[in-house]
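Please look through the sequence and the model below before reading on, and keep both at hand while the text moves from one region to the next.

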Amino acid sequence: MDFALSEEQEMFQRSVRGIAERHLADGALARAHDPAFPFDVARLFAAEGLMGITIAEADGGQGGTLMDAVLAIEQVALVCPKSADVVQAGNFGPIRTVAEYATPNQAERLLGPLLLGEMVIGIAMTEAEAGSAATDLTTSAVPDGDGFRVNGGKVFTGHSAEADLFLVYLRFGPGLDGIGSVVMSRGQEGFSFGEPSSHMNDEQWCALYFDNVFVGPEDVLLGPGGFRKQIASFNAERIGNTARSLGLGQFAFNAAREHAMTRKQFGRPLCEFQGLQWKFADMQIKLESARLLLYRAAVNADKGLPSADETSIAKAYCNQVGFEVANEAVQIMGGTGYSREGLVEYCFRKTRGWQIAGGSLEMMKNRIAEGIFERRFSQRLPRPEKSG
Ligand SMILES: Cc1cc2nc3c(=O)[nH]c(=O)nc-3n(C[C@H](O)[C@H](O)[C@H](O)COP(=O)(O)OP(=O)(O)OC[C@H]3O[C@@H](n4cnc5c(N)ncnc54)[C@H](O)[C@@H]3O)c2cc1C
């Protein structure tokens, strides 16, 4: 067992940090307060080889590892927390599901503009009545000629205010095996949007409405029975969410450390008060243990699909730690930490959301418990006994 990064990984880390410091340090605060997706950063990352890190070179990606993509998120987050979302969009989200399961024709058509940072794709899974119970989704695809007619709607879809493409989870038939996914484009007939709403982290989302939208066979990504594959691929998405929690927690820690060394009260720097030193010690213990869990999940995932157990453990812990550390950083920095003049309150708001998004803390813990007891626990009410 070796806990050190390889020489190549350290070089990659330094190179990403350099790119972030040269291009993203200026404007990091303004970017965080702008709800829009920073397409200029996406185009920069495309030019610097930071989009599609884990996607095969044949498909226009970099042919790297999931661990490389994790290192990229961390290094970008340490300079410009908002830009870590762009590493996520270009490497972990629906782009990866598309890369994994697309036909050659779909890959050529869809991945090109995403990898160039010209477009972003949203993942439309959650519905008003299907959140944690994702398989309760009712958006339906009914055969029509050589394609399908889609009806239903989605909520909370990330990037929905500006995405050109959407990976829509829907139902071709009843039960788990009836679930699959299609790709839809903004502007398609019958596909409309509600007014933008804001999350606590200022991210905007619009309700999606599908009114008899025609989807041709070329836009079906995974037909009936695709759900398990989609969820397996979603474990990689979760690693991106996990890495951002850790990255933003570390950003907040670094800011608080700097503040504690320079800010004086009672004639002494804050770092000389033991009450604060112990907070820092606890924060560091949490960040370092969270990082080990994240790296384990990412490194092992590179040998195949990410393990649901390791991903759930890493996500649950990093989500908690990122938020707890950001929260403590706000406290240590007092009014300065709570102020929108700095990025620590942004890290606090962002890390709060990742305890809900991408599989909530509670759902991750349900999955972990199944691993512990080596059995499935249905969350649903038992079916009523048949009488007579
Ligand atoms: C910042 C953010 C970004 C998001 N981005 C996207 C996106 O891009 N695409 C998308 O499709 N969705 C997105 N979502 C939606 C997200 O996936 C859902 O909010 C999440 O799955 C929880 O569903 P819900 O909000 O309906 O809560 P509910 O499912 O109603 O849950 C409410 C609470 O009950 C708990 N709970 C539910 N069931 C159980 C159980 N069996 N055991 C224990 N606790 C339980 C939950 O953990 C939660 O705390 C996003 C959400 C947020 C906050």
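The paragraphs that follow go from the interior to the ligand, and then to several individual residues.

The coordinates belong to a predicted model, and the interior is a convenient place to begin. The largest nonpolar core has 107 residues, and those with the most contacts inside it are Phe45, Met184 and Ile239. Helix α8, which runs over residues 227–262, gives the most to this core, with 11 residues. For a view from one of the residues with the most contacts in the core, phenylalanine 45 can be taken: leaving aside its neighbours within four places in sequence, Phe45 is in contact with Leu24, Leu50, Met51, Val76, Ser83, Val86 and Val87.

Two of the partners of Phe45, Val86 and Val87, are also listed among the buried residues of helix α5. Is this helix, residues 84–91, enclosed or open? Because 8 of its 8 residues are buried, helix α5 is largely enclosed by the rest of the structure. The buried residues of α5 include Asp85, Gln88 and Asn91 as well as Ala84, Ala89 and Gly90. As for what surrounds them, the buried residues of α5 pack against α3 (39–47), α4 (66–77), α6 (94–101), α7 (104–115), α8 and α12 (344–353).

Helix α6, one of the elements against which α5 packs, also holds glutamate 100. With a relative accessible area of 30%, glutamate 100 is partly exposed, because buried would require a value under 20% and exposed a value over 50%. Glutamate 100 and glutamine 230 are 130 residues apart in sequence, yet their C-alpha atoms are 9.6 Å apart in space.

Helix α8, already met as the element that gives the most to the core, also contains histidine 259. Histidine 259 counts as buried because its relative accessibility is 12%, a value under the 20% limit for that class. Not counting residues up to four places away in sequence, histidine 259 touches Leu270, Ile332, Met333 and Thr336.

The next stop is the ligand. Which residues are the closest to it? Of the 18 residues that surround the ligand, the closest are Ile123, Thr126, Ser132, Ser360 and Glu362. Isoleucine 123 takes part through its backbone, where an N or O atom lies 2.7 Å from a nitrogen atom of the ligand, whereas threonine 126 places a polar side-chain atom 2.7 Å from a nitrogen atom of the ligand. Serine 360 also takes part through its side chain, in which an N or O atom is 2.6 Å from an oxygen atom of the ligand. Overall, the protein covers 66% of the 980 Å² of accessible area that the ligand has on its own.

By class, the shell around the ligand has 7 nonpolar, 10 polar and 1 charged residues. Strand β1 (121–124) and helix α13 (361–373) each supply at least two residues of this shell, and the largest share, 3 residues, comes from α13. Helix α13 is also the place of lysine 365, which counts as partly exposed because its relative accessibility is 44%. Lysine 365 and aspartate 309 are 56 residues apart in sequence, while the distance from C-alpha to C-alpha is 9.7 Å.

The loop between α12 and α13 contains glutamine 355. Is glutamine 355 buried or exposed? At 9% relative accessibility, glutamine 355 counts as buried. Its contacts, not counting residues up to four places away in sequence, are with Asn319, Gln320, Phe323, Ser360 and Leu361; Ser360, one of these partners, is also among the residues closest to the ligand.

Two further loop residues deserve a look for their backbone angles. Histidine 159, in the loop between β3 (147–154) and β4 (165–171), has a phi near 65°, a positive value in a residue other than glycine. Its relative accessibility is 24%, and histidine 159 therefore counts as partly exposed. Phenylalanine 266 lies in the loop between β11 (264–265) and β12 (268–269), and its phi, near 55°, is likewise a positive value in a residue other than glycine. Phenylalanine 266 is exposed, because its relative accessible area is 77%, which is over the 50% limit for that class.

Notes:
Residues are numbered from 1 along each chain as its sequence is written. This is a predicted model: local features need pLDDT of at least 70, side-chain atom pairs count only at pLDDT 80 or more; totals for chains, interfaces and linings use all residues. Side-chain values use heavy atoms; hydrogens and water are left out. A nonpolar core is a set of buried Ala, Val, Leu, Ile, Met, Phe, Trp, Tyr and Cys residues joined through side-chain atoms within 4.5 Å. Buried means under 20% relative accessible area, exposed over 50%, partly exposed in between (1.4 Å probe, protein chains only). Helices (H or I, at least four residues) and strands (E, at least two) are DSSP runs, numbered from the N terminus. Contact means heavy atoms within 4.5 Å. A residue is near a molecule or strand if one of its heavy atoms lies within 4 Å of it. A polar contact is a pair of N or O atoms within 3.5 Å; within protein, one must be able to donate a hydrogen and the other to accept it, and residues adjacent in sequence count only if both atoms are side-chain atoms. Accessible areas come from the Shrake-Rupley method with a 1.4 Å probe; for residues, only the protein chains shown count as cover. Ala, Val, Leu, Ile, Met, Phe, Trp, Tyr, Cys and Pro count as nonpolar, Asp, Glu, Lys and Arg as charged, and the others, Gly among them, as polar.
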